[in-house]
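I opened my notebook to record what I looked up, working from the ligand outwards to the helices and then to the whole chain.

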Amino acid sequence: MNIGIIVLSKTGNTLLVAQRIADALSAAGHTASIARVTVAADKPGAPGSHQLVDAPDPTPYDAVVFGAPVWGFSLADVMKTYLAQIPALGGKKTVCFVTQHFPKPWMGGNRALRQMREACAQKTANVTLTGVINWSAPTREAQIAELVAHAAAL
Ligand SMILES: Cc1cc2nc3c(=O)[nH]c(=O)nc-3n(C[C@H](O)[C@H](O)[C@H](O)COP(=O)(O)O)c2cc1C
């Protein structure tokens, strides 16, 4: 399968997880490529004001992985802007994950993931796997490994 891993990442955490997923998917025989969502002016907390510079088109991929950070106990607003403007996904198999600093998913991660799922549902995605990575948790590596293994097995 041709799989697109589309991520927003400001400081590299989400990108690092995306790379791990890409490596695992490649090792499983898929074609996996990472594409980044970028903005002209990075102004977290300014809803609706983001001008996307890179808004990767998910259409060519057989399946997609969306990854983004948690900002202000919510899905990063830039990712909301991105997901709102992509074309319909037509039941495409989709994985969603978020990374956050705080150690527990209920500290914003679950909410962000719910928002991401809802945005994907609006675009008729078939979300089959989700994950929260808590960067400051001692279990971070295990969380990443679990997400990567499940994504590679889909
Ligand atoms: C503006 C801003 C707001 C943030 N708000 C939260 C938050 O509410 N909860 C949290 O756990 N981490 C928060 N973080 C930390 C990021 O979610 C975390 O470091 C994430 O892994 C960064 O991903 P990235 O390196 O891919 O950008 C925030 C970071 C930024 C820049």
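**Around the ligand**

I began with the ligand in this predicted model, and I found 20 residues around it, the closest being Ser9, Asn13, Thr14, Pro69 and Gln100. I then asked which elements give two or more residues to this shell, and they turned out to be α1 (13-27), β5 (63-71) and β7 (93-100). Sorting the shell by class, I noted nine nonpolar residues, ten polar ones and one charged residue.

**Helix α2**

Next I looked up helix α2, which covers residues 77-85, and I saw that it is mostly covered, with seven of its nine residues buried. The buried ones are Asp77, Val78, Met79, Lys80, Thr81, Tyr82 and Leu83. I also wrote down what covers these buried residues of α2, and the list includes β3 (38-39), β4 (52-54), β5, β6 (74-75) and α3 (109-122).

**Helix α3**

For α3 I checked the length against expectation: at 1.5 Å a residue, its 14 residues should span 20 Å, and the C-alpha atoms at its ends are indeed 20 Å apart. I listed Gly109, Ala112, Leu113, Gln115, Met116, Ala119 and Cys120 as the buried residues of α3. Looking down the axis of α3, I found that these buried residues fall within an arc of 160°, so they line one face of the helix. They pack against β5, β6, α2, β7 and β8 (126-134). Just after α3, I noted that Thr124 takes a positive phi of about 55°.

**One residue in β7**

I then picked Thr94, which lies in strand β7, and asked myself whether Thr94 is buried or exposed. Thr94 has 25 other C-beta atoms within 10 Å, and because 20 or more make a residue buried, Thr94 counts as buried. Setting aside its neighbours within four places in sequence, I found Thr94 in contact with Ala63, Val64, Phe66, Leu89, Cys120, Ala125, Asn126, Val127 and Thr128. For Ala125, I also looked up the separation of its C-alpha atom from that of Thr94, which is 6.2 Å, although the two residues are 31 residues apart along the chain.

**Helix α4**

Helix α4, residues 140-153, has 14 residues and reaches 20 Å from its first C-alpha to its last, close to the 20 Å expected at 1.5 Å a residue. I recorded Leu147, Val148 and Ala151 as its buried residues. Seen down the axis of α4, they fall within an arc of 100°, so they line one face of the helix. On the face of α4 turned away from that buried side I found the exposed residues Glu141, Ala142, Ala149 and Ala153. The buried residues of α4 pack against α1, β5, β7 and β8.

**The whole chain**

Finally I stepped back to the chain, whose secondary structure comes to four helices and eight strands. The radius of gyration is 14 Å, close to the 15 Å that the globule rule gives for 154 residues, so the chain is as compact as a globular protein of that length. Along its principal axes, I noted that the C-alpha trace spans about 40 × 40 × 25 Å. Of the 154 residues, 42% count as buried. My last entry concerns contacts between residues at least 6 apart in sequence, of which 72% join residues at least 24 apart.

Technical notes: Residues are numbered from 1 along each chain as its sequence is written. This is a predicted model: local features need pLDDT of at least 70, side-chain atom pairs count only at pLDDT 80 or more; totals for chains, interfaces and linings use all residues. A residue is near a molecule or strand if its C-beta atom, placed from the backbone, lies within 6 Å of it. Ala, Val, Leu, Ile, Met, Phe, Trp, Tyr, Cys and Pro count as nonpolar, Asp, Glu, Lys and Arg as charged, and the others, Gly among them, as polar. A residue is buried if 20 or more other C-beta atoms lie within 10 Å of its own, exposed if 12 or fewer, and partly exposed in between; C-beta atoms are placed from the backbone. Two residues are in contact if their C-beta atoms, placed from the backbone, lie within 7 Å. The expected span of a helix is 1.5 Å times one less than its number of residues. The arc is that of the directions from the helix axis to the C-beta atoms. The radius of gyration is taken over C-alpha atoms; the globule rule is 2.2 Å times the number of residues to the power 0.38.
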